[in-house]
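Biologist: I'd like a close look at a single part of this model. Please take one pairing and build outwards from there.

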Amino acid sequence: MDRPPLYAPRSLTRLALWLAAGNLVIAAAIATATWLALQAGRESDLTRARETTENLAASLSIEIGAELKQVDNALSTLALQFRRTAGDADQVRRAMDRALADQRSLLPQVDAIRITDARGQVVYGLAGEEGALNVGDRDYFQRARDGNGEAIVISEPLFGRVLHKWGIAVSRRLEREDGSFAGVVYTTLSTEHFIESFKGLTIGAEGAISLRTRSQRLIARYSATEPHSIRGIGDVIVSEDLKRKMAANPHQGWYMTRTKLDNIERITCYREVRGYPLTIFTGASTAEFLAAWRGEVVQQGGLAVVVILTVLGCSVLVFLQQRRDRRAAIGLQQLALEQALMLDNDMVGMMRLRDRTVVWKNRALASLFGYAPGELHGQTTRPLYLDDESFREVGDAAYPAIAAGRRYRRQLRMRRKDGTPVWIDLSGARVAERESLWMMIDISALKESEATAQHLAVHDALTGLPNRVRFTERLAGAMTLLGERVGLVAVCWVDLDGFKDLNDEFGHEAGDVVLRVVAQRLLGGVRGHDLVARMGGDEFAILLTALRAEHEAEPALRRMLTAIAEPIRLPDGDHASVTASIGIAFAPHHGRQAESLMRLAETAMTTAKRAGKRRFVSASSLPGNAMNATNSPSTSVGSDAPTPVDAIDTPSGPAPEPGTEGAKEAAATPGSPRPHDPGPPAVPDHSFDESVAGEEDPGATLDGEDSSRVPPSRKPG
């Protein structure tokens, strides 16, 4: 049976006004939440520059991929709605106009969403002042028409006939019930949209970010030197180095050359947007990186949540306003329309209550709570709540508000029939003297994603270790409590030796495996209340607390150096080895400021590398330090002072770097066979004297979780 129209014709105008207001709110939220500038940092080599641009390219590819996935989902929903919509022409138009408006409200980044017939004539989605439009000659229309409808089609860069600006079109094939071609649904992402997204990223005074199609045609480009330029849009203007690199590996890579568009030499990394024929390029000026800059992007929290809640709030307000207008105008017919809407809904649970007893519910509610179709009818809502207290609390707060004509809304945990809890977005409104209408949405996935986002904000995605933000917080907390307890706090800066050569020889996938194994081995060498963090690239930091003297840290550092040097099995079955250089600074001996301690430890690590690598050096041995040399004799570096790890390998000299001829000869020497088990060595749970093993970490009280533990990683291979 065809459903009668749910809204008066004038409500569509009101809906458009509300959606426009919602879009303004979303635009303001996005404008105020842009990326903060990258902080100028210390001098960095080309390896660090490449890592920075690779990370930026990976992040942008994920963002653009997620955005295209969102667009794809919207187009798929519209294609399904088009195929299922039946009735006369007016009913079909109203249904498709509502569907377009709903999806448009979820995609603030697109310019328009339109639907064409089989000849390419746009039939839905054009504003009245835009006139007629036919896209039958467009490449994306023809590719969608000739395709199978399973995937979206992304066009080459094109100049819009209506909006008169550059962009790309994303389209999907429409089919009738018999599978025949009925047209396409498409939307456009403008070049300006991508440029505005790129503007929020700090890339230096001469950096550049660009987005290209698989044929290397330029979609969008933002350069700090030419922020408003659209030069090259739609053209293929690329260097020979880019062509060679893309021919060798079209998915990801890096190269260094002068950019053809502005003749600026950059180190450029590219990353394919997974699942889509687009490639993101991020370039940083070699002059800037060689002069000095390094930083990290401060990620924004909750922007996606703000956008979703804003759109949802606007949609709910529109729905309630339209429902009140229709109730006053058509009376009893509204009841039938409400029931039709509820019965057709499979996503939002709805029920009608009289004195907190169920008089009507839709199938989504029964499915949400696990009840049979007629099981809740005539029953009180008490079984849906976790306990009597929450049942009473909702009743005391909701019904006075509903009686006063206000809408009640709350997020709380409720209970399924089998007893399992579920997070619900609960909202209710009055419909009669003793009756109210309630809507329930399962938001368990949203709650889980919020918890996951909070974890990722302070943890490294590759190793699971705490990141620089968490390490700095814990160190600052330990500094605030340092004067209240007896003991020292040690900051250790760890840098892997030969990691670049390993990456060049075995590839980045092997490098990721090595970083994960090293993280586990470092964790095996510290106590439960100590902290191991990844600071970026192949650098780690360790926070050791509750030490009575500097020398108490030496056994643990020796064992960690030994553990790191053990061979590591790579995914292809090969073995690789890396060593480490460690710098250590102690508070309060070397200061009480977290940032200065970290810089001092990094300086000591640099001294360890210059002294021959595979050792640790204390800040007490650095020139100009006031510490007594006898306080840490094993950390001094000099021609006549052996380091703590001189005895780890053979006394004839330092161990050869992985991948060198010396390493290959050592592996082939009889008596030193390749180890059968390449996993991490057995390292004690803590590597300290028993006299300090039971003392607690003064900084750990500031953190409610065990930040130094990481979830088990997948085995390589």
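Which residue stands opposite W254 in β10?

Modeller: The model is predicted. In it, C269 of β10 stands opposite W254. C269 is buried, because its relative accessibility is 1% and the cut-off for buried is under 20%. Another pair in this region is Y255, which faces T268 in β10.

Now the two strands themselves. β9 covers residues 252-258, and β10 covers residues 265-272. They run antiparallel and are joined by seven bridges. Six residues lie between the strands of this hairpin. One residue of the hairpin, N263, has a positive phi near 60 degrees.

Step back to the sheet. It is open and has five strands, in the order β8-β7-β11-β10-β9. The pairing is antiparallel. β8 (218-223) and β9 form the edges, and each pairs on one side only. From one strand to the next, the twist averages 15 degrees.

Helix α2, residues 46-84, packs on this sheet. The strands touched by α2 are β7 (208-213), β9, β10 and β11 (278-285). The direction of α2 makes about 40 degrees with that of β10. Helix α6, residues 240-248, lies across β9, β10 and β11. Relative to β9, α6 runs at about 165 degrees.

α2 has a helical partner too. Helix α3 (residues 89-106) packs with α2 at an angle of about 170 degrees, and the axes are 10 Å apart. The two helices are therefore roughly antiparallel, since angles over 145 degrees count that way. On the α2 side, the contact uses Q70, A74, T77, L78, Q81 and F82. On the α3 side, M96, A99, L100, Q103 and L106 meet them. An α-helix has 3.6 residues a turn, so residues three or four places apart point the same way.

Helix α5, residues 191-199, belongs in this picture. The buried residues of α5 are T191, H193, F194, I195 and F198. Their cover includes α2, β7, β8 and β11. It also includes β5 (166-175) and β6 (181-190).

Back to the cysteine. Like C269, C492 counts as buried, because its relative accessibility is 0%. The structure holds zero disulfides. A disulfide is a covalent bond between the sulfur atoms of two cysteines.

A second sheet is useful for comparison. This open sheet of five strands has the order β13-β12-β16-β15-β14, again with antiparallel pairing. β13 (357-361) and β14 (408-415) are the edge strands; each has a single partner strand, so one side of each lacks a neighbour in the sheet. Here the twist averages 35 degrees from one strand to the next. Eight bridges join β14 to β15 (residues 421-430), and these strands run antiparallel. M414 has V422 in β15 as its bridge partner. Helix α11 (residues 388-403) packs on this sheet and touches β12 (349-354), β14, β15 and β16 (435-442). The direction of α11 makes about 155 degrees with that of β14.

One last site is R615. This residue lies in the loop between α17 (594-610) and β23 (616-618). R615 is buried, because its relative accessible area is 12%. The side chain of R615 reaches the backbone oxygen of K613 at 2.9 Å.

Notes: Residues are numbered from 1 along each chain as its sequence is written. This is a predicted model: local features need pLDDT of at least 70, side-chain atom pairs count only at pLDDT 80 or more; totals for chains, interfaces and linings use all residues. Side-chain values use heavy atoms; hydrogens and water are left out. Two strands pair if DSSP finds at least two bridges between them. Helices (H or I, at least four residues) and strands (E, at least two) are DSSP runs, numbered from the N terminus. Axes are lines fitted to C-alpha atoms, for helices over the stretch in contact, and angles run from 0 to 180 degrees between N-to-C directions. Contact means heavy atoms within 4.5 Å. Buried means under 20% relative accessible area, exposed over 50%, partly exposed in between (1.4 Å probe, protein chains only). A polar contact is a pair of N or O atoms within 3.5 Å; within protein, one must be able to donate a hydrogen and the other to accept it, and residues adjacent in sequence count only if both atoms are side-chain atoms. A disulfide is a pair of cysteine sulfur atoms within 2.5 Å. Angles under 35 degrees count as roughly parallel, over 145 as roughly antiparallel, 65 to 115 as roughly perpendicular and the rest as oblique.
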